[in-house]
Amino acid sequence: MTACPNMDQTLEQTDGVALTREQIDSFHAEGFLRFGKLLDDTEVEALRQEYDHEFDLARAGKSEMSNLSVDQTDDDEAMVQAETQMLQIMNVTRRNLRFRKLVYDSRLLDIVATLIGPNIQLYSDQALFKPAHTGGPIHWHQDNAYWKCVPAIIVSCWLTLDDVDDRNGAMNLIPGSHLTPLSHGRAEESNVLLDAGDQVDAATAVVVELAAGGIMFHHCQTLHSTKPNASGRQRRAFAMHFMTPGTKSLHDSQYIPVSFNNPLLRARV
């Protein structure tokens, strides 16, 4: 197990965003941190427009999109029209300027630096959309079961563009679960989702509700899930995954280089 380093250094603040000692300690102990609202309503609305545009392009077949609630096939139309939908677009920052700028936001990076250190590289990002009434679940899992990165100190920032609660797809997390990596099996209904639910005591879960423009952070080994969206409200979320330079992927045993796809966002020389 590799937990995030405990950071005591003073950060240079561009916009005055910082974590308290209590928040930092809580993150390291629990494996996640609810920060709350970071973006104002004008910023949220601008991101909503770009987010909806990206999904419109994907539905029109002009970019790739997955429905994580069903087995992945070559029949894209059937996938999008499935009864249950947990829609995902990977790596929006590679083609959308507004989301590209977001991962360089000094307010966001000030917080990330407090959690993983002053050198920050983007691992990946994803737009995760649960439509009203038909939004599918994401099963209990640890992100690094998918990624298989070392050292396992990737931190995710989960941003919501809608108000979220447990009825429309808020994040559920198991405190302290980042300290122990678990084995995962495949979900029964989807060949792309992992499921560690048989090892999870869901009674210990914490639900993180957020207003639109709010963010939470979690460690790449923190068990988390989201329930189906049976409400009449959509849930638009955007996840950004940050690592330290020198992270290696065990998928190919190669270090992840600094590149356009995986930019260096902040560095202390």
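What is the relative accessible area of E43, and is this residue buried or partly exposed? E43 has a relative accessible area of 26% and is therefore partly exposed; buried means under 20%, exposed over 50%, and partly exposed in between (1.4 Å probe, protein chains only).

## Basis of the model

The model is predicted: local features need pLDDT of at least 70, side-chain atom pairs count only at pLDDT 80 or more, and totals for chains, interfaces and linings use all residues. Residues are numbered from 1 along each chain as its sequence is written, and side-chain values use heavy atoms, with hydrogens and water left out.

## Salt bridges

The structure contains twelve salt bridges, each defined as a side-chain nitrogen of Lys or Arg within 4 Å of a carboxyl oxygen of Asp or Glu. One of them joins E43 to R107, with the closest N and O atoms 2.7 Å apart. This pair links distant parts of the chain, since E43 lies in helix α2 and R107 in helix α5 (residues 106-116), 64 residues apart. Helices (H or I, at least four residues) and strands (E, at least two) are DSSP runs, numbered from the N terminus. R107 counts as buried at 16% relative accessibility. A network of salt bridges links E43, D105 and R107.

Helix α5 also takes part in the salt bridge between R266 and D110 (2.9 Å, N to O). Here R266 belongs to strand β17 (residues 264-266) and D110 to helix α5, with their positions 156 residues apart. R266 is partly exposed at 22% relative accessible area, whereas D110 is buried at 0%. Within helix α2, R59 and D56 meet in a salt bridge of 3.5 Å, N to O; being three residues apart, they are separated by about one helical turn. R59 is partly exposed at 43% relative accessibility, and D56 is partly exposed at 46%.

## Aromatic rings

There are five aromatic pairs in the structure. Rings of Phe, Tyr and Trp (its six-membered ring) pair if their centres lie within 6.5 Å; planes under 30 degrees apart count as stacked, over 60 as edge-to-face and the rest as tilted. Y51 and F55 form a tilted pair, 5.1 Å centre to centre with 40° between the planes. Both residues lie in helix α2 (residues 41-59), four residues apart, and so are separated by about one helical turn. Y51 and F55 are both buried, and ring pairs link them with F99, F129 and F238 into a cluster.

A second tilted pair is formed by Y123 and W147, with ring centres 5.0 Å apart and planes at 55°. Y123 in strand β4 (residues 120-130) and W147 in helix α6 (residues 143-147) are 24 residues apart, and both are buried.

## Strand pairing

Four strands form an open antiparallel sheet in the order β5-β13-β8-β11, where two strands pair if DSSP finds at least two bridges between them. β5 (138-141) and β11 (206-208) stand at the edges with a single partner strand each, so one side of each has no neighbour in the sheet. Strand β8 (residues 171-173) pairs with β11 over three bridges, and M171 stands opposite V208 in β11.

Strand β12 (residues 214-219) has six of its six residues buried. G214, M216 and H218 point one way, and I215, F217 and H219 the other. Five bridges join β12 to strand β1 (residues 32-37) in an antiparallel arrangement, with G214 as the bridge partner of K37. Strand β7 (residues 155-160) is likewise joined to β12 by five bridges and runs antiparallel to it; the bridge partner of V155 is H219.
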